[in-house]
Amino acid sequence: MNDFVQYVISALSLGGLYALMALGLVIVYGILRLVNFAYGELIMVAGYGLLLFGRSPLPWIVVAILSVIAALVAGVVMERVAFRPVRNTSPTTLLITSFAVSNLLQNIALLTISPRPRAPRLPNLFVENVTIGDIRIKIVDVIALVVSLVALAILTIFLRRTIIGLALRAAADDFTMTRLLGVRANIVIASAFAVSGFMAGIVALFWIGRSGQVWPAVGLQPVLIAFIASVLGGMESLKGAVLGGYILGFLTMGLQTWLPQGVNNYRDAVMFGIVILVLVIRPQGLIRPVYLREAR
Amino acid sequence: MTLIAIEDLHVRYGAVQALRGVSLTVDEGEIVGLIGVNGAGKSTAMLSIMGVVRPSSGRIEYRGTSLVGQPPEAILRRGIAPVMEGRRIFPSLTVEENLRLGAATVTDRTQVQEDLDRWTAFFPILRERLQQPAGKLSGGQQQMLAVARALMSRPKVLLMDEPSLGLAPKLVAEVFRLIVQLRDLGMTILLVEQNVRMTLDIVNRAYLLNTGRVEFTGTPAEIRTQGDIERAYLGGGPRSETAPAGAGS
């Protein structure tokens, strides 16, 4: 029973992070049809933000906020500098551009900071446990769980209550029509990248908090997880991204907890096997768009 | 006063010449019809005004200033709102969200609320379904939503592309009645339609397009008296272009 409570908490925590990762990817995909593989480097930017701002005497929470802002700004700049000039070309060009940006940013970090992992200053909370009864819980898991729910709530309010949020959702349905209503394309796309950067920043706090280190390729694994979670949930749907993220979180922790000792090394293989099986049955992901996008 | 003036407009899609020198004007308070068979270039003319299609040559002016080369979002801000072919409502947004997005360019919140109340009173079915996803509406209801959404920006001119397409005959008549009502409210309307007979019943003037050229222009009466045109573009029989019997108009 205690095992199970611990499992649920750590799965919810990891799933929440995965959900945020996937959302950051899907919000851009919905509008530009671009799987932005440079998304991982936004996580890297926030990670190095933790490292660099962390050298100042500022309290950690301020360092964290600055790092999230850095990722958000990096997202907007990335769109302006790299993607806007090639926006009206083919989807393939956009995809290749995202690989180029990813590579470039990693190499900049490698040359200017360090090729080796560095440990940013982290609060003690990140390594402490709390014991309730006979259940031991990592405090960082609880924080990540709460923060990811808060981030999801903020995003939901933004997407439902603001005109830019409505425009983002509408643009995923029909971008041209959204522009025909007077919504500026540049603002919609820049907002999507800002949301993406914000999500990457939040994710970075906990992703890097888990390993305690930041290095140039730190974003590689998160971007892959985000991609798999969003494909699993359905690339066309924000709800799908959240669902895919949580499922992946529960799968990962479940396999880690209950796979027999000898097989545990093959955790990822088993997990991806399950994902492939799901996709064989539902090729469009778990949540299909209710309404088919008009071909145009 | 002339609101929209198009002069010698040429549009080409790759090797296909869609418009070959179209000129037309829309005056304030008019319903102007743009009629002709499929592929005549009607929608292309409308998409050119909205900035979706870029003309290869020619002029498009609104109140004397050029619209050519402007992005779609700038055209709407000038006061021209489109009701696109196929309605193009946002299916995953609620009816209310669709309407609010129609007023994306309006910064005055009280005005948005006023207009929302006004048009949902005008279209009671939209008020009933305000919180439902727009994709759940029937075709006719979606058409009303598309019109109401366009009106939310308080445009001077409405461009309507095939608003009767795909609707049941009874609803077609209703849409045409709605267009007349909107003109009576002071709206200027450019109406692109394949349903020539019903269009001629409501417009002040019409342009008959054929293979990218204006074949004939004039009042409905003038167009009707052109026997050849009747045969060539309205089909031979007296009833072939209209909806089947029981159309209710």
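**Figure 1. Strand 3 and strand 8 of chain B side by side.** Strand 3 (residues 31-35) and strand 8 (residues 188-193) of chain B pair in the parallel sense, and five bridges join the two. The model shown here and in the other views is a predicted one. Within this pair, B:I31 has B:I189 of strand 8 of chain B standing opposite. As background, the strands of a sheet pair through backbone hydrogen bonds, in either a parallel or an antiparallel way.

**Figure 2. The open sheet of chain B and the helices that lie on it.** In chain B, six strands make up an open sheet with mixed pairing, and their order across the sheet is 6-7-8-3-9-10. Strand 6 (80-83) and strand 10 (213-218) of chain B are the edge strands, each of which pairs on one side only. On average, and with direction ignored, neighbouring strands of this sheet are turned by 15 degrees against each other. Helix 1 (residues 42-49) of chain B packs on the sheet, where it touches strand 3, strand 6, strand 7 (157-161), strand 8 and strand 9 (205-210) of chain B, and its direction makes about 145 degrees with that of strand 7 of chain B. Helix 7 (residues 169-184) of chain B lies across strand 3, strand 7 and strand 8 of chain B, and runs at about 160 degrees to strand 8 of chain B.

**Figure 3. The contact between chain A and chain B.** Chain A brings 18 residues to this contact, while chain B brings 22 residues. On the side of chain A that touches chain B, the elements giving two or more residues are helix 6 (163-173) and helix 7 (175-180) of chain A, and helix 6 of chain A gives the most, with six residues. Sorted by class, the residues on this side of chain A are 11 nonpolar, two polar and five charged.

**Figure 4. The largest nonpolar core.** This core has 170 residues, and those with the most contacts inside it are A:L23 and A:V203. Helix 1 (residues 2-32) of chain A supplies the largest share of the core, 17 residues. If neighbours within four places in sequence are left aside, A:V203 is in contact with A:L17, A:L20, A:M21, A:I43 and A:P222.

**Figure 5. Helix 1 crossing helix 9 in chain A.** The axes of helix 1 and helix 9 (residues 220-233) of chain A come within 8 Å and cross at roughly 80 degrees, so helix 1 of chain A is roughly perpendicular to helix 9 of chain A. Among the residues making the contact are A:Y18, A:M21 and A:L25 of helix 1 of chain A, together with A:P222, A:I225 and A:F227 of helix 9 of chain A. By class, this contact of helix 1 with helix 9 of chain A has 10 nonpolar, three polar and no charged residues.

Conventions
Residues are numbered from 1 along each chain as its sequence is written. Chains are lettered from A and ligands numbered from 1 in the order in which they are written. This is a predicted model: local features need pLDDT of at least 70, side-chain atom pairs count only at pLDDT 80 or more; totals for chains, interfaces and linings use all residues. Two strands pair if DSSP finds at least two bridges between them. Helices (H or I, at least four residues) and strands (E, at least two) are DSSP runs, numbered from the N terminus. Axes are lines fitted to C-alpha atoms, for helices over the stretch in contact, and angles run from 0 to 180 degrees between N-to-C directions. Two residues are in contact if their C-beta atoms, placed from the backbone, lie within 7 Å. Ala, Val, Leu, Ile, Met, Phe, Trp, Tyr, Cys and Pro count as nonpolar, Asp, Glu, Lys and Arg as charged, and the others, Gly among them, as polar. A nonpolar core is a set of buried Ala, Val, Leu, Ile, Met, Phe, Trp, Tyr and Cys residues joined through C-beta atoms within 7 Å. A residue is buried if 20 or more other C-beta atoms lie within 10 Å of its own, exposed if 12 or fewer, and partly exposed in between; C-beta atoms are placed from the backbone. Angles under 35 degrees count as roughly parallel, over 145 as roughly antiparallel, 65 to 115 as roughly perpendicular and the rest as oblique.
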